[in-house]
Amino acid sequence: MISSKKTKSSNRWLLEHFNDEYVKKAQKNKVRSRSWFKLEQLDKNNKLFKIGMNVIDLGASPGGWSQYAISKIGKKGHVIAFDLLPIKPIKGVDIFQVDIRNQKMFNLMLSSLSSMKFHLVMSDMAPNITGNFAIDMPRIIDLSKLALKISNYLLSKNGIFLLKSFQGEGFNEFYKEVKILFKKVKICKPETSRARSREIFILAIR
């Protein structure tokens, strides 16, 4: 049985979502998600993209970040997108539907990409949120650690690691790990992130 509290929360989220200015803007501009505008703001503030870059997009579905990235790096650049969920084709983007939490698939991914030079690894990965942060936060940290391993293995010198995470138990310890591996690290929160959301972004340069 679904509790009335959960139903009210879901209804409130749906109402907020469809009234969101960036959701409406995404529909108007025919981009795949409101997250497109988060990446746009992060890019404008931090100059993330250059023509010809090779980019890995983790947790890419429905494709908003990949869509933005390929528009910035041009035909000489390359975007490789991964997600557990299917993603409709995006011109210029190589898409793989795979669960990188599977150790065999994770190792295969790293070995198959190891010969390429990557300039940016970006992760918008998130688990299925239950609303219980005691359950959600460890899952978030686990995914963050996977993204960190990938970036540490595949990023070139001066490469950029961009990670969506959330404030909560375990975050500070994870942030310290990032600071050990990267020379410049900071936390960002674009205007497009909802004010009440615990969502934040780690931006690190190798």
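## Strand S7 and its partners

In strand S7, Ile202 is the bridge partner of Ile187. S6 and S7 run antiparallel and are joined by 5 bridges; strands count as paired if DSSP finds at least two bridges between them. Strands (E, at least two residues) and helices (H or I, at least four) are DSSP runs numbered from the N terminus.

S7 (residues 199-205) also pairs with S5 in the antiparallel sense, over 7 bridges. Here Leu162 faces Leu203 of S7, and Lys164 stands opposite Phe201 of S7. With 6 of its 7 residues buried, S7 is largely enclosed by the rest of the structure; buried means under 20% relative accessible area, exposed over 50% and partly exposed in between, for a 1.4 Å probe and protein chains only.

## A word on the model

This is a predicted model, in which local features need pLDDT of at least 70 and side-chain atom pairs count only at pLDDT 80 or more, while totals for chains, interfaces and linings use all residues. Residues are numbered from 1 along each chain as its sequence is written, and side-chain values use heavy atoms, with hydrogens and water left out.

## The sheet and its helices

Let's step back to the whole sheet. It is open, has 7 strands with mixed pairing, and follows the order S3-S2-S1-S4-S5-S7-S6. Strand S3 (93-97) and strand S6 (184-188) are at the edges with a single partner strand each, so one side of each has no neighbour in the sheet. On average, neighbouring strands are turned by 15° against each other, direction ignored.

Helix H4 (residues 64-73) packs on this sheet and touches S1, S2, S3, S4, S5 and S7, its direction making about 175° with that of S2. Helix H6 (residues 133-154) lies across S1, S4 and S5, running at about 170° to S5. Contact means heavy atoms within 4.5 Å; axes are lines fitted to C-alpha atoms, for helices over the stretch in contact, and angles run from 0 to 180 degrees between N-to-C directions.

## The second largest pocket

About 210 Å³ of space lies in the second largest pocket. A pocket is an open set of points on a 1 Å grid over the protein atoms alone, where a 1.4 Å probe fits, with protein on both sides within 12 Å along at least five of seven lines; lining residues have an atom within 4 Å of a point. The volume is the space filled by probe spheres set on the points, which are joined across faces, edges and corners.

S5 (residues 155-166) gives the most to this lining, with 5 residues. Among the lining residues are Lys47, Met53, His119, Lys157 and Ile205.
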